[in-house]
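User: Could you take a close look at the cavities in this model for me? I would like to know what lines them.

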Amino acid sequence: MSNSSELPLSSSYLDDYYPYEQPLFANIDRALAALLILTTILGLPGNIISLLYFLNKRKKDVVVVLYSMSCITDALTCLFAVPISVVLLRQRQPSLFSSDRFCDVWVHCYLSLVMVSIFLVAVLTITRTLSIVAPFRKIRCRVVVGIIAAYLVGVVGKELVYNGLGESCHKYVAPAGYCAAVVEQKSSSPQLILSNLSFVVQIAIPACLIVLGFVISLLELLGKSRERRAPSRASVTMALFTGLFLLTNIPFLLTISLLSIGQLKGYEYPEPYFDSPFFYWYIWLIPTVILTALNALLNPCLYFWRMQGLHKWIFNRRGSLGYGTLLTQEVVLQMRDLKPAI
């Protein structure tokens, strides 16, 4: 049976239920590929520069640490979107995904990125909610980092164990545009339904915590607005960060929830909710990859828009917009701080 931390797909997904329509779907794929390429070109350096800014802040509180980790996951997300952009440009030909080994590595790494990204936003939301409910309660950064490290070890370790035991069978699924765990069972089989529900729960629990924290943050901001008190810039930034995450990730949760509901009713995929050519070819690609990559691209834009310190760090203190010059100057400045022992 497939790993319960994955979303296993029935082997019926490999059937040509709806043909790949030319030239409509080819044009849509090119547009989505252009968006993924833009994500890599702009999102990757944007997240790296943002990461350098957070690492160079003297006061590294919980929020700064979580933003730094988010930059790392977003940068890796931009990288892992590259093979899918190639697939879209080649009209869903597997390309790099034709290698079983590459399929296994990509699925395990990308799945770990998705799970860790959701967990990071959940932790950020929880810490923000605690600061609102108990403003005098100090949240220790080491405790938060320890929790995240333990979760990361658990997610990666579980993937490695299942891969070593040969429990995962990953194949390229053309309608999805990437590799996924495929099992030789009907979509409505009890084992597959249970596994899918387990995956839904793993996503839904942190998502509910994020929504709850987001609502509490909004109520706080509205309360200050009614009292004619200006909310802090950091509070608004965190609310926008959380809202952007929800906007780009809720479609994925809705998709897998509808899939599970259809299975519980005894339907075979793509019936009853995805029974159209467009949904068949894009209902997995857009929520799981395109919107996730878009979130990774927009996060550094949000940092640059909302964080005045980032403006000063890029334009004033470093005096250059070039990423290579920026990184070189950073290394030189750090070497100057290393004084030889006397």
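Analyst: Happy to; here is a walk through the enclosed spaces, starting with the largest cavity.

This is a predicted model, in which local features need pLDDT of at least 70, side-chain atom pairs count only at pLDDT 80 or more, and totals for chains, interfaces and linings use all residues. Residues are numbered from 1 along each chain as its sequence is written, and side-chain values use heavy atoms, leaving out hydrogens and water.

A cavity here is a set of points, on a 1 Å grid over the protein atoms alone, where a 1.4 Å probe fits but cannot get out; lining residues have an atom within 4 Å of a point. Points are joined across faces, edges and corners, and a volume is the space filled by probe spheres set on them. There are 4 cavities of 30 Å³ or more.

The largest cavity holds about 510 Å³. Its lining has 33 residues, with Tyr110, Leu111, Val114, Phe252 and Thr288 closest to the centre. Helix 4 gives the largest share, 9 residues (helices are DSSP runs of H or I, at least four residues, and strands are E runs of at least two, numbered from the N terminus). By class, the lining splits into 22 nonpolar, 9 polar and 2 charged residues, where Ala, Val, Leu, Ile, Met, Phe, Trp, Tyr, Cys and Pro count as nonpolar, Asp, Glu, Lys and Arg as charged, and the others, including Gly, as polar.

The second largest cavity has about 60 Å³. Here helix 7 leads with 4 residues, and the lining, which includes Arg128 and Met238, has 4 nonpolar, 5 polar and 1 charged.

Definitions and conventions
1 Å grid on protein atoms, 1.4 Å probe; cavity = no way out; pocket = protein on both sides within 12 Å on 5 of 7 lines; lining within 4 Å.
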